[in-house]
Amino acid sequence: MEMVMTVPTKHTATRAGDPLSIFREQLEIAADRAQRGCGLSDALFVERINAEVTGMMEKLPDELRGAAAEIAYEFGYDDGEEEPYHEPGTCFLTGIAEHCCPCGRHP
Ligand SMILES: [Zn+2]
């Protein structure tokens, strides 16, 4: 027995080959799938959509990822932008050691 992978039919009618259009279409499917699997749990939905988006992003060229993320936000994607990690004792603005950071926020 051979497993046959079903490949989504190509959307040739609208802007074929536009990676962001394709991204959006895939995202619609992914969001639908994520929603179905998790009932009413927003957190679980975000977790699932994040996983989907991360996988899809990896296939996009770097220059499209920003735009793709914008689209993904519409679908509930949350990249959890938090303050970037900084070493204790370094400035959270500059990343420079506090005792020699020029930003003026350190006593
Ligand atoms: Zn500083």
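The following dialogue asks how several descriptions of this predicted model are justified.

Student: What makes up the secondary structure of the protein, and in what order do the elements run?

Tutor: The secondary structure comes to 3 helices and 0 strands, and from the N terminus on the elements run α-α-α.

Student: Why is Glu47 called partly exposed?

Tutor: Glu47, which is found in helix H2, has 14 other C-beta atoms within 10 Å. A residue is buried at 20 or more such atoms and exposed at 12 or fewer, so a value in between is called partly exposed, and the count of 14 for Glu47 therefore earns that name.

Student: How do you know that the length of H2 agrees with its number of residues?

Tutor: At 1.5 Å a residue, the 17 residues of H2 should span 24 Å, and because the C-alpha atoms at its ends are 24 Å apart, the two values agree.

Student: Which residues of H2 are buried, and what puts them on the same side of the helix?

Tutor: The buried residues of H2 are Phe45, Arg48, Ile49, Glu52 and Val53. They cover an arc of only 130° around the axis, which means that they lie on the same side of H2. The face turned away from that buried side carries the exposed residues Ala43, Ala51, Thr54, Gly55 and Glu58.

Student: What makes up the largest nonpolar core, and which helices supply it?

Tutor: This core has 11 residues in all, namely Phe23, Leu27, Ala30, Ala31, Ala34, Phe45, Ile49, Val53, Ala68, Ala72 and Tyr77. Helix H1 (19–38), helix H2 (42–58) and helix H3 (62–74) each supply at least two residues of the core, and the largest share, 5 residues, comes from H1.

Student: Which residues does Ala34 touch, and how far is Ala34 from Glu47?

Tutor: Leaving aside residues up to four places away in sequence, Ala34 touches Phe45, Arg48, Ile49 and Glu52. As for Glu47, its C-alpha atom is separated from that of Ala34 by 8.8 Å, although the two residues are 13 residues apart along the chain.

Student: Where does H3 bend, and what follows this helix?

Tutor: H3 bends by about 25° at Ala68, a residue that also belongs to the largest nonpolar core. The helix is followed by Gly76, whose phi is positive, near 100°.

Student: What share of the protein is buried?

Tutor: Buried residues make up 12% of the 107 residues in the protein.

Definitions and conventions: Residues numbered from 1 in each chain as written. Predicted model: local features only at pLDDT ≥ 70, side-chain atom pairs only at ≥ 80, totals over all residues. Helix = DSSP H or I, 4+ residues; strand = E, 2+ residues; numbered from the N terminus. Core = buried A, V, L, I, M, F, W, Y, C linked by C-beta atoms within 7 Å. Contact = placed C-beta atoms within 7 Å. Bend = angle between axes of the 7 residues up to and from the residue. Expected span 1.5 Å × (residues − 1). Arc of directions from axis to C-beta.
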